[in-house]
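Q: I'd like a close look at one small part of this structure, and then at how that part fits in with what lies around it. Could you take me through it step by step?

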Amino acid sequence: MSTALHTSALKSLPLLARGKVRDNYAVGDDRILMVASDRISAFDVIMGEPIPGKGALLTTLSLFWFDQLGPKGLNICPIHLTGDAPESVVSAEEAPQVTGRSMLVQRLKPIPVEAVVRGYLAGSGWKEYQESRSVCGVPLPEGLQNASKLPEPIYTPAAKAEMGEHDENITYEKTVEMVGADIAAQIRDKAIALYKAAAEIALKKGIIIADTKFEFGLDKNGTVVLMDEVLTPDSSRYWPADQYAVGSNPPSFDKQFLRDWLETAKVNGQPWDKAPPAPRLPREVIEKTAAKYQEALTRLMG
């Protein structure tokens with residue numbers, strides 16, 4: 001397995017921001033180099049140990065989905081890829097930090113809404129349904145169970161939080177207040193169309209995409225453009241179709257294994273309180289988490 005990259009350190013470009021996974025660098029005033037590190041976060045805390053190969057895997061999967069859903073494929077929505085090679089904007093010495101794990105993209109004005117689409121009832125949606133028979137203000141029929149497939153995918157947006165904070169589930173009406181009726185409707189409709197198309201593609205490969213989140217931005221003409229990562233195990237709940245049964249969550253191809261381990265982990269002899277510093281990840285947890293991500297890629301792309 002390749003050497004892990006916890007944090008990139010490019011000197012030839014100005015750093016714009018470091019997120020939980022990605023380091024973004026300015027390329028002039030109209031492009032951004034997005035470098036996917038091997039960092040992993042859980043409960044909004046970045047772990048001290050990277051997952052080798054994760055950044056390259058996330059980038060490969062995002063590029064696969066951009067090809068499937070963007071102008072080269074089903075053409076559901078414009079995408080932020082420029083088509084330029086990431087290595088073309090850094091020095092030769094820095095190329096190893098970039099190759100295979102980066103995307104050179106348009107610089108957009110981010111829309112501050114996480115466009116979440118759920119096709120199945122799971123996670124926070126299942127908890128909310130048990131209390132109110134609805135999720136984020138969307139009413140649902142009686143009699144659903146954990147992991148039930150919904151009659152139709154639902155759009156349940158979230159407000160993007162500051163780094164280290166939790167995204168907050170909001171109603172569709174709130175997104176209209178935030179970004180206006182036209183943009184709110186566009187991101188809702190595009191997100192649902194993207195999810196439906198991706199879920200159909202994935203199911204043929206033996207994967208259920210239970211839910212996912214998309215991010216959109218506006219270009220200089222005001223066009224809504226799909227951006228950031230797309231349909232990766234970091235932003236989606238991937239379930240093996242052959243292990244799916246209503247009533248319980250199947251073992252997922254994402255960081256759920258890590259989350260489950262962290263629930264019983266200790267720091268200085270005390271149960272971890274889900275605040276920094278994170279527990280040190282044992283080798284076995286790192287390797288099993290990497291294997292979960294790799295299985296998602298292998299099933300989808302062969």
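A: A residue counts as buried under 20% relative accessible area, as exposed over 50%, and as partly exposed in between. With that in hand, let's go to Lys 205, bearing in mind that this is a predicted model. The relative accessible area of Lys 205 is 39%, so this residue is partly exposed. Lys 205 sits in the loop that leads from helix H5 to strand S14 (207-218). The next residue, Gly 206, takes a positive phi of about 85° just after H5.

The helix that comes before this spot is worth a moment. H5 runs over residues 181-204, which makes 24 residues. Its first and last C-alpha atoms are 35 Å apart, close to the 34 Å expected at 1.5 Å a residue.

What does Lys 205 touch, once residues up to four places away in sequence are set aside? The answer is Arg 299 and Leu 300. Both of these numbers fall within helix H7, which covers residues 283-301. For a sense of distance in another direction, Ala 245 is 40 residues from Lys 205 in sequence, and their C-alpha atoms are 18 Å apart.

Now let's step back along H5 and see what meets it. Leu 74 belongs to the loop between helix H1 (54-69) and helix H2 (95-98). Leaving out residues up to four places away in sequence, Leu 74 touches Ala 197 and Ile 201, along with Gln 68 and Leu 69. Ala 197 and Ile 201 have numbers inside the 181-204 range of H5. In an α-helix, residues three or four places apart point the same way, because there are 3.6 residues a turn. Leu 194 is another residue to compare: its C-alpha lies 9.3 Å from that of Leu 74, although the two are 120 residues apart along the chain.

The neighbour of Leu 74 is also worth a look. Asn 75 lies in the loop between H1 and H2, and its phi is near 55°, a positive value in a residue other than glycine. Most residues other than glycine have a negative phi. Asn 75 has a relative accessible area of 49% and is therefore partly exposed, since the exposed class begins over 50%.

The other partner of our starting point is H7, so let's follow that helix. Is Thr 289, a residue of H7, buried or exposed? At 1% relative accessibility Thr 289 is buried, because this value is under 20%. Apart from residues up to four places away in sequence, Thr 289 touches Ile 40, Ile 51, Phe 257 and Leu 258. Phe 257 and Leu 258 have numbers within helix H6, residues 256-263.

Trp 261 is found in H6 as well. With a relative accessible area of 25%, Trp 261 is partly exposed. Its contacts, again without residues up to four places away, are Pro 279, Arg 280, Leu 281, Pro 282 and Val 285. Of these, Val 285 has a number in the range of H7. Ile 154 lies well away from here, with its C-alpha 30 Å from that of Trp 261.

Ahead of H7 there is one more detail of the backbone. A cis peptide bond, with omega about 0°, joins Pro 276 and Pro 277. Pro 277 is in the loop between strand S18 (270-271) and H7. Most peptide bonds are trans.

Finally, here is the setting for all of this. The protein chain has seven helices and 18 strands. Its radius of gyration is 19 Å, close to the 19 Å that the globule rule gives for 302 residues, so the chain is as compact as a globular protein of that length. The C-alpha trace spans about 60 × 55 × 35 Å along its principal axes. Of the 302 residues, 48% count as buried, and Thr 289 is one of the buried residues. Among contacts with a separation of 6 or more, 63% are between residues 24 or more positions apart. Lys 205 with its partners Arg 299 and Leu 300 brings us back to where we began.

Conventions
Residues are numbered from 1 along each chain as its sequence is written. This is a predicted model: local features need pLDDT of at least 70, side-chain atom pairs count only at pLDDT 80 or more; totals for chains, interfaces and linings use all residues. Side-chain values use heavy atoms; hydrogens and water are left out. Helices (H or I, at least four residues) and strands (E, at least two) are DSSP runs, numbered from the N terminus. The radius of gyration is taken over C-alpha atoms; the globule rule is 2.2 Å times the number of residues to the power 0.38. Buried means under 20% relative accessible area, exposed over 50%, partly exposed in between (1.4 Å probe, protein chains only). Contact means heavy atoms within 4.5 Å. The expected span of a helix is 1.5 Å times one less than its number of residues.
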